[in-house]
There are 2 protein chains.
Amino acid sequence: MSAAETQWLDESQQSDWRAYIVGTTLLMDTLDRELRQEHGVSLGEYEILVRLSESPERTLRMAQIAESMQHSRSRVTHTVSRMEKAGLIRRSAAAGDKRGVDATMTDAGWELLQLAAHTHVTGVRRHFVDLADRDDFAALGRVMNAVSDQLVAEHPDFDDIRGH
Amino acid sequence: MSAAETQWLDESQQSDWRAYIVGTTLLMDTLDRELRQEHGVSLGEYEILVRLSESPERTLRMAQIAESMQHSRSRVTHTVSRMEKAGLIRRSAAAGDKRGVDATMTDAGWELLQLAAHTHVTGVRRHFVDLADRDDFAALGRVMNAVSDQLVAEHPDFDDIRGH
DNA sequence: CTCAGATAGTTGAAGTCTCAACTTGTGGTT
DNA sequence: AACCACAAGTTGAGACTTCAACTATCTGAG
C-alpha cells in the first residue's frame, strides 16, 4: 500500500477537508477560550466535570475518566491533581479494589459546572449548531459517526471514548 | 444574554455534536500518530512544511506562518527552532525589513514532505474522505464554512487562517 | 496456594505551548 | 532630527502533556 501512487484529493474534497480543519481549529479554540475567560477552566477540565456529573455519586474511577476522554492515565492523574488542588474534585480509595482511586466532584465543582455549562452550550449553539439547517447537521453527524466507526474497527482500544 | 435561561440542545443536536467531537478527536490523534510513527513529524510540523512548499522560494516570514496556522508567534519561534535543529528549515534575515526572519524549507525538508504527504493524504482518505458520499461531505463543508465565517465575523483577528 | 502476568495509578523528566517581558526596527509626527 | 506608538521576533518561566519507570494490587493457571 505504501508503495502505491498517492491518490490525491480532488478540488472539492480538498476544499471540504480544509473547511473542516479550519472550522474545527477556530471552533475548539473559541470554546476553550470562552470557558477559560469566564470560568477559569479549560474545555478538557469542563468535560471531566460533565462526565462526573452524569455518574452515580458524581464519582468515576480514574481509569474510566481516562478511557472516556481518550487521555492517558498519566494525563488524568496530573489533570485531576490540579483540579483537586482547585477544590473541584476530591480523591478517595475505591471500594473493592485497593489499587483503584475514585474521583468525586465536590460541591464547588458542581456549582462551577452549572455556570460553565451555560457558557459552553450557548457557545456551541452560537458557533456551531445554530449556523446551518438540520439536514446538513444530520449529514455531518453521519460522516463523523462513520469516521469513528472506521477508526474503532481498526483500533479497538478506541472503543471506550464512544460512550452510551 | 448570560442572564437568560440556557437553551439546551435537543437529542439529535446533542448526538450530532457528540459524533463531531468524538470523531474529530479520534481522527486528529490518528493522523498525528501516523505522521509521527512513519516520519517523525507532528501534524503541526507537517502543516508548516506544506505551507512552505506552496510558497515562492519555499520561504515564508515567521509571522505569515503564525497567522496562517493561527499559532502565536512565540509558538512558531519554538517550533521552527526545533525544525531548524532537525535540518528541515533554515532561517535567514528577511530582505527589506531588518526585524523580519525568513523561514525556508531545506532540501531535507522537501524530501521529508514528499514521503509524509503520501502518508497524510492516504490517511485523510482512509479515515475521512472515502467514508461517506459526496453529498454528505458537501454538507459538512457548508457547515464548517459557516462556522468559520461566524467566528471570523465576530473576531476579525481570525481572518488570516482561512487562506485563498 | 503461589507466582507470573496483567491492571490501576503515580511519579518525575523531557518535550511542547502559553504568557508576559524584552529587543530591535519601522513609520509617522512634530 | 527626536520622538513615540507599533510590529517582528525571541526569550525564559510556568503550565500542561508524554513517556518510561515504578509501586501496589489483583487474577488465574497450575
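Which residues have the most contacts inside the largest nonpolar core? In this predicted model, that core has 32 residues, and those with the most contacts inside it are Leu140(A), Val143(A) and Val147(A) together with Leu140(B), Val143(B) and Val147(B). At least two residues of this core are supplied by each of H1 and H6 of chain A and by each of helix H1 (11-39) and H6 of chain B. As a general matter, nonpolar side chains tend to be buried together in soluble globular proteins.

Chain A contains six helices and three strands, which follow the pattern α-α-β-α-α-β-β-α-α when read along the sequence. Its C-alpha atoms fill a box of roughly 55 × 40 × 25 Å, taken along the principal axes, and 30% of the 164 residues of chain A count as buried. Among the contacts in chain A with a separation of 6 or more, 49% are accounted for by residues 24 or more positions apart.

The two protein chains are related by symmetry: a turn of 180 degrees, with a shift of 0.0 Å along the axis, lays chain A on chain B with an RMSD of 0.0 Å. This is the relation of a two-fold axis. Leu140(A), one of the residues with the most contacts inside the largest nonpolar core, comes closest to the rotation axis of the residues of chain A, with its C-alpha at 2.5 Å.

The contact between the chains takes 48 residues from chain A and 47 residues from chain B. On the side of chain A that touches chain B, the elements giving two or more residues are H1, H5 and H6 of chain A, and the largest share, 16 residues, comes from H6(A). By class, this side of chain A has 26 nonpolar, 16 polar and six charged residues. Because 98% of the interface residues of chain A are also interface residues in chain B, the copies meet through the same surface.

The part played by H6 can be followed in chain B, where this helix (residues 134-154) has 21 residues and reaches 30 Å from its first C-alpha to its last, close to the 30 Å expected at 1.5 Å a residue. The buried residues of H6(B) include Asp136(B), Phe137(B), Leu140(B), Val143(B), Asn145(B), Val147(B), Ser148(B) and Leu151(B), and the buried residues of this helix pack against helix H1 (11-39), helix H5 (107-127) and helix H6 (134-154) of chain A. From the side of chain A, Val143(A) touches Leu131(B), Ala132(B), Asp136(B), Phe137(B) and Leu140(B), when residues up to four places away in sequence are not counted.

Two DNA strands accompany the protein chains, and both chains contribute residues to the surroundings of each strand. DNA strand C is surrounded by 23 residues, of which the closest are Ala63(A), Ser74(A), Thr77(A), Ser74(B) and Lys98(B). Helix H3 (62-69) and H4 of chain A, together with H4 of chain B, each supply at least two residues of the surface near DNA strand C, and the largest share, five residues, comes from H4(B). By class, this surface has four nonpolar, ten polar and nine charged residues.

Around DNA strand D there are 23 residues, of which Ser74(A), Met62(B), Ala63(B), Ser74(B) and Thr77(B) come nearest. Here helix H4 (73-85) of chain A and, in chain B, helix H3 (62-69) and helix H4 (73-85) each supply at least two residues of the surface near the strand, with H4(A) giving the most, five residues. The residues of the surface near DNA strand D divide into four nonpolar, ten polar and nine charged.

Some local features concern the loop between H3 and H4. Gln70(A) lies in this loop of chain A and has a phi near 60 degrees, a positive value in a residue other than glycine; with 16 other C-beta atoms within 10 Å, Gln70(A) is partly exposed. In chain B, Gln70(B) lies in the loop between H3 and H4, likewise with a positive phi near 60 degrees, and counts as partly exposed with 16 C-beta neighbours inside 10 Å.

Asp102(A) is found in strand E3 (residues 101-105) of chain A and counts as partly exposed, with 16 C-beta neighbours inside 10 Å. Leaving aside neighbours within four places in sequence, Asp102(A) is in contact with Thr59(A), Arg61(A), Arg91(A), Ser92(A) and Ala94(A); of these partners, Ser92(A) is ten residues from Asp102(A) in sequence and 5.2 Å away in space, C-alpha to C-alpha.

Conventions. Residues are numbered from 1 along each chain as its sequence is written. Chains are lettered from A and ligands numbered from 1 in the order in which they are written. This is a predicted model: local features need pLDDT of at least 70, side-chain atom pairs count only at pLDDT 80 or more; totals for chains, interfaces and linings use all residues. Helices (H or I, at least four residues) and strands (E, at least two) are DSSP runs, numbered from the N terminus. The expected span of a helix is 1.5 Å times one less than its number of residues. A residue is buried if 20 or more other C-beta atoms lie within 10 Å of its own, exposed if 12 or fewer, and partly exposed in between; C-beta atoms are placed from the backbone. Two residues are in contact if their C-beta atoms, placed from the backbone, lie within 7 Å. A nonpolar core is a set of buried Ala, Val, Leu, Ile, Met, Phe, Trp, Tyr and Cys residues joined through C-beta atoms within 7 Å. A residue is near a molecule or strand if its C-beta atom, placed from the backbone, lies within 6 Å of it. Ala, Val, Leu, Ile, Met, Phe, Trp, Tyr, Cys and Pro count as nonpolar, Asp, Glu, Lys and Arg as charged, and the others, Gly among them, as polar. Copies are superposed by least squares on the C-alpha atoms of residues with pLDDT of at least 70 in both.
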